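Q: I would like to learn how to read chain contacts and domain contacts in a model. Can we go through them one at a time?

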Amino acid sequence: MLTLEKLEIVLDGFTLNADFTLEQGRNLALIGPSGAGKSTLLNVIAGFLRPRSGRVLWQGEDITDLPPGQRPISMLFQDNNLFPHLTVTQNIGLGIRPDLRLNAAERAYLHDALERVGLAGMAGRKPGQLSGGQQSRVALARVLVQRKPLVLLDEPFSALGPALKHDMLRLVGDLMQEIGGTMLMVSHEPEDAQMIADVTSVVAQGTVTAPKPTAALFENPPKVLRDYLGT
Amino acid sequence: MIRGGPGYAAAALVLLFIFGPLIVVFVRAGGGTLPGPADWAAVRFSITQATLSALFSVILAVPVARALARRQFPGRSLLITLLGAPFILPVIVAVLGLLAVFGRSGVLNSVLIWAGLPPVQIYGLHGVVLAHVFFNLPLATRILLQAWQQIPAERFRLAASLNMTAGQVMRRLELPMLRTTLPGAFIVIFAICLSSFTVALTLGGGPKATTVELAIYQAFRFDFDLGRAAVLAVIQTLLAGIVALVALKYSRGEGFGAGLDRVVRRWDAQSAGLRITDTAVMILTALFLLLPLLLVVINGIAGWAKMPDQVFTALRVSLVISLVSTAVALALALPIALAALRRGWIEVIGLLGIVSSPLVLGTGLFLIVYPFADPARLAFAVTGLVNALTALPFVLRVLIPSLRASEKNFGRLADVLGLTGWARLRFLLLPRARRALGFSAGLAAAFSMGDLGVITLFADPSRATLPLQMYRLMGAFRMEAAAGAGLLLLVFSLGLFWMFDKLGRGDVDA
Amino acid sequence: MKYLAFATGLLAATSAVADIPVLTIYTYDSFVSDWGPGPAVEKAFEETCGCDLQFVGAGDGAALLGRLKLEGARTKADVVLGLDTNLTAAAKETGLFAETTVSADYDLPVDWNDPVFVPYDWGYFAFVQNADLDGPTDFRELADSDLKIVIQDPRSSTPGLGLLMWVKAAYGDDAPAIWEGLSDNIVTVTKGWSEAYGMFLEGEADLVLSYTTSPAYHLIAESDASKTAARFSEGHYMQIEVAGKIAGTDQPELADQFLQFMVTDAFQSVIPTTNWMYPAVTPEAGLPEGFETLIQPEKALMVPSDQAPKVRDAALAEWLEALSK
């Protein structure tokens, strides 16, 4: 369970407030206009930014002051999700052990993950030798092996074409079920949200609304969402 | 990010190494002695010549770097490598090479006289500046070229789609870049020229061209006034430190590291006029920098057979010292560069190594060491350490921007993966800094090879370095053999540079 | 610092020698270079002394004195070799030197009766030129000519200081006028002898400040008779190079033995063709063939060593003044 307790985030003179709880196993889409603070919110949850006030709690435990690497979180960014100088195996392996000293079981585990995302033959390649879709799959395989209960996606597939993006989102949905984790994803496309997010929050005008079931929300959008969707 | 602790420790070590000896000299002298009017004249001359030298170096580097940034031609990368040669050449070799071109009976005057024109006179302030530009134009060019290539290609495409002329591109894209880059380039060169001595005196044409370092020399060996020597050394260090802090304020951390192979396609620079200008700039630069080198090579070949065996023994000594210095320079630079990611001003400490007076530094070290050990036994260590300190600013200038870029692009990913400490170094920072490390190791090695770097008080007569042996050959009338040794030095300095640079390029990744 | 310890250990291991006494001699660098007198002198002395002679090279004469002052009474030197008459007064002032009983029948142009220092070689400063040049015969003629000269800076070079003393000894209060007259002849001033001589050989100047004995190198080692020294009617300034025993030496007998050895043939015969100076005591076999071609000054000039420091400071001030205009 992720709790954002009276969060007030100030960045470049712009303020964002969030105060809600997300139940475990939920997939939350953060939707809203660009510049509204969607990525900023993820950065606070991940530990890259400090809120001015309020707390971030995971399973009731305060994680506001933990460094990013010690939070129960894996995250994918818009770009630079892979180290270009490391092989596919190394990139994924870092998700298991940051010193890359993997034992036999861990190596087998890594191999399974690679197979799971359909890249079994690509273990020795470097990201530069892979297509955009394949690179995304490598990053997802790492999310899989990380087994962190909270997954943050900051539009990692925005550079992919619609079909490929949908493949990825479907894969994410499947993986999240396997991990049994909680997910937050930034999106500005309603279809993305409708596809894999069971709940959605609207980020606009300095606040993050509490998560509402996605289907219900889009059927009967509140004003902030109507403004964003232009309907 | 990585903890700054080891970096602060390394910076403290550098400070201790630079200021410790200075303090010891003060203590021994029983306090400082105020410099006389002649000393102040030397301070003024040092500032004047260093300012002019740095100014001309960076201004002339602008057209050269621009031409290299927007033109692709066969041999371009070879030219870039060769242009670096004056920078790593031992001073005496370079001065004799310069005189062979610009001297009274040099190539230039021979041509002028043949053409019925009056000869030119190289000696004077303009000669000092000319020589310093010869040494530092390549460095300035590299710094600028690197910055030029950091302007994203998309901006030039945008400029082309807006149909901007070369002049408009200069004003909108290139001038803003130059404004942040030139101060950094200026200060490094200013610092190098500030402590110039041999070049300034030889080409300055007489005692008018007395620099602070020569005034220190006089205070030390003529008047044996340690207090005055130490005060002058402090003045020299402070001057460079102040200018460095000011320049750092106005510049961002541009380096001059790797990746100079890329040429951005430029639509604004296709006119015949600009092509001719760029070609002329490159030919003139190549002539200016390479002709003296060529004469060094020709003289060296003539003297090659006359080189005695001792030269090759000295070559081995120099190679070992050079490799040790390189290792020390990198070992100091890496933690300092990591700490500089948090606190940029730390880099200024690295700069102090090239402005500290070798004479005062050596004297202080000697006073520290002498009561406990035979200085000659430490000759090796001291020479290696001093050479490493001299190379430190350049290594830092290359390394810091590279590390900064890695942190900018991949820092968050590393954070979220929990890559800290050694793992972050090993899997992120070091592999991505490979080119920068190779390039800066090459610089440090070549530097150390070519530096006379003899702190006489620590000289070990039985283990002469190649530059010292070359100097000894000259001192024993054997100028031709010395020229051969100069060529040997040039070949190995460039060879070491090329080898390390190549190692850094190793296997190419994205 | 691990490396430092390693290097120290390594070097210590190579220089640790068994129980034979060690005689430590501080000298200038070109003396110990492979092309200087050092190696031959070391070999010859070690054959007779049953000792280990160790040279420590320290820049040039002035740097040598500087180092000695830094070390003071703790110095490890037993003998200091390579000071000249411009420096002996300052050297004596340190109180570090002991008197010696060594003496010999010196072949010097001046009488030698210094109780502390023993001379080992000497020479005259001179301007070296190509033999086919119609060279100047005195400073005034040089100043009036269009000839170009390269000289060394007196603040960083022994010959440079020698020229200063030369002009002062020859012209006294008229020295500033001579320097003003010379200023348009001086192509440049270099840090040391090597740079100046190198520039002269490259054709940068018609004459270079060196020694009357310099042409002997070209004649003897290169069979090249094209260099000569200009003979000045005012006379030429002398440099006498000396050695002295350190008072606090732990090897006083050995030090005396060396100073005595220094004025014998075994040492003196090495000097002409390694240091390219005149030996203080002409060896029995005479000077090497070729030395007879060198110019002989009419007059040997020298400021007495006890007055040298004072004259030196005044002369430097005049020099700086005249050439900075």
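Q: Which residues of chain B does the UniProt annotation "domain: ABC transmembrane type-1" cover?
A: UniProt positions are given in the numbering used here, feature names are shortened, and annotations may be inferred rather than shown by experiment. According to the unreviewed UniProt entry, this annotation covers residues 43-247 and 315-500 of chain B. This is a predicted model, in which local features need pLDDT of at least 70, side-chain atom pairs count only at pLDDT 80 or more, and totals for chains, interfaces and linings use all residues. Residues are numbered from 1 along each chain as its sequence is written, chains are lettered from A and ligands numbered from 1 in the order in which they are written, and side-chain values use heavy atoms, with hydrogens and water left out.

Q: How much of residues 43-247 of chain B is helix, and how much is strand?
A: Helices (H or I, at least four residues) and strands (E, at least two) are DSSP runs, numbered from the N terminus. Residues 43-247 of chain B are 80% helix and 0% strand, and the C-alpha atoms at the two ends are 20 Å apart.

Q: Which chains have the most contacts among the pairs that touch?
A: Contact means heavy atoms within 4.5 Å. Of the 2 pairs of chains that touch, chains B and C have the most contacts. On one side are 60 residues of chain B, on the other 66 residues of chain C. Chain A and chain C do not touch, and their nearest C-alpha atoms are 28 Å apart.

Q: What is the area buried between chain B and chain C?
A: Buried area is the accessible area (1.4 Å probe) that two parts lose on being put together, summed over both. For chain B and chain C the figure is about 5,700 Å², with 61% given by carbon and sulfur atoms. B:Arg221, B:Phe222 and B:Phe477 supply 16% of the area that chain B buries against chain C, more than any other three residues.

Q: How many salt bridges does the rule find across the interface of chain B and chain C?
A: A salt bridge is a side-chain nitrogen of Lys or Arg within 4 Å of a carboxyl oxygen of Asp or Glu. The rule finds 2 across this interface. A salt bridge joins the side chains of B:Arg221 and C:Asp60 (2.9 Å, N to O).

Q: How many residue pairs are in polar contact between chain B and chain C?
A: A polar contact is a pair of N or O atoms within 3.5 Å; within protein, one must be able to donate a hydrogen and the other to accept it, and residues adjacent in sequence count only if both atoms are side-chain atoms. Between chain B and chain C there are 20 such residue pairs (both at pLDDT 80 or more). Several helices of chain B each supply at least two residues to the side that touches chain C, among them helix H11 (212-222) and helix H20 (466-475). H20(B) gives the largest share, 7 residues.

Q: How do the residues of that side of chain B divide by class?
A: Ala, Val, Leu, Ile, Met, Phe, Trp, Tyr, Cys and Pro count as nonpolar, Asp, Glu, Lys and Arg as charged, and the others, Gly among them, as polar. The side of chain B that touches chain C has 36 nonpolar, 15 polar and 9 charged residues.

Q: What do chain A and chain B bury between them?
A: Chain A and chain B bury about 2,000 Å², 66% of it on carbon and sulfur atoms. A:Asn80, A:Phe83 and A:His85 lose the most area to chain B, together 29% of what the chain A side buries. The rule finds 0 salt bridges across this interface, and 5 residue pairs in polar contact (both at pLDDT 80 or more).

Q: Which domains does the assignment give in chain A?
A: Domain bounds come from an automatic or database domain assignment. In chain A these are domain 1 (2-72 + 149-229) and domain 2 (83-147). Their centres, taken over C-alpha atoms, are separated by 25 Å. Between the two domains the count is 1 salt bridge. The side chains of A:Arg116 and A:Glu178 meet in a salt bridge (2.5 Å, N to O). Helix H5 (residues 162-179) of chain A gives 8 residues, the largest share of the side of domain 1 that touches domain 2.
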